[in-house]
Amino acid sequence: QVQLVESGGGLVQPGGSLLLSCTASGSIFSVNGMGWYRQAPGKQREVVAGIISNGRTNYVDSVKGRFTISSDNAKKEVYLQMNSLKPEDTAVYYCYMYIKKTSGSPWANYWGQGTQVTVSS
């Protein structure tokens, strides 16, 4: 089984920072493509940031210049540094990874259970 576990969420004041981390464990042959998405109550899920094996990153416009995604493929970890947080960043944040469980298996998308981020004074 493959499991992704996020950590680092919490309550922070506007303008503050948080670092989210996500670690994958289990039967994993290779990882390619990692990222974070979020879902706020009453809103559609949106992909916040993504990173691929060559280090190329992409961000949703609303977080550009404030959030930074990074990864350590060897450790099967992905991170999201969130600075200058705003109340509209409040959501449950989920990490995802594209994983091959064996050399012959197809790529499949896995995601974690989510971590709550609340930005409020």
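## Residue S21 and its surroundings

S21 lies in strand 3. In this predicted model, the residue has a relative accessibility of 19%, so S21 counts as buried, the cut-off for that class being under 20%.

Leaving aside residues up to four places away in sequence, S21 touches V5, E6 and S7. W36, V78 and Y79 are also touched by S21.

## The sheet around strand 3

An open sheet of four strands follows the order 1-3-8-7, and its pairing is antiparallel. Strand 1 and strand 7 are the edge strands, since each of them pairs on one side only. From one strand to the next, the twist averages 15°.

Strand 3, which spans residues 18-26, is joined to strand 1 by six bridges, and the two run antiparallel. Within this pairing, V2 has G26 of strand 3 as its bridge partner. Six bridges also join strand 3 to strand 8, again in an antiparallel arrangement. Here L19 stands opposite Q81 in strand 8.

## The two faces of strand 1

In a regular strand the side chains alternate between the two faces of the sheet. Strand 1, residues 2-7, can be read with this in mind: V2, L4 and E6 belong to its covered face, while Q3, V5 and S7 belong to its uncovered face.

Residues of both faces recur in the contacts of S21, which include E6 from the covered face and V5 from the uncovered face.

## The nonpolar core

Which residues have the most contacts inside the largest nonpolar core? They are W36, V78, L80, M82, Y93 and M97, in a core of 29 residues. At least two residues of this core are supplied by each of strands 1, 3, 4 (30-39), 5 (46-51), 7 (67-72), 8 (77-82), 9 (91-100) and 11 (115-119). Strand 9 provides the largest share, with five residues.

M97 illustrates how the core residues are surrounded. Not counting residues up to four places away in sequence, M97 touches L4, C22, A24, V31, G33 and M34. K76, E77, V78, A108, N109 and Y110 are also touched by M97. One of these, L4, lies on the covered face of strand 1.

## Confidence in the model

The chain has an average pLDDT of 96, and 100% of the residues score at least 70. Among the elements of the chain, strand 8 has the highest mean pLDDT, 98, and strand 4 has the lowest, 95.

Key:
Residues numbered from 1 in each chain as written. Predicted model: local features only at pLDDT ≥ 70, side-chain atom pairs only at ≥ 80, totals over all residues. Heavy atoms only, no water. Buried < 20%, exposed > 50% of the residue type's maximum accessible area, 1.4 Å probe, protein only. Pairing = 2+ DSSP bridges. Core = buried A, V, L, I, M, F, W, Y, C linked by side-chain atoms within 4.5 Å. Contact = heavy atoms within 4.5 Å. Axes fitted to C-alpha atoms, helices over the stretch in contact; angles between N-to-C directions. pLDDT = per-residue confidence, 0-100.
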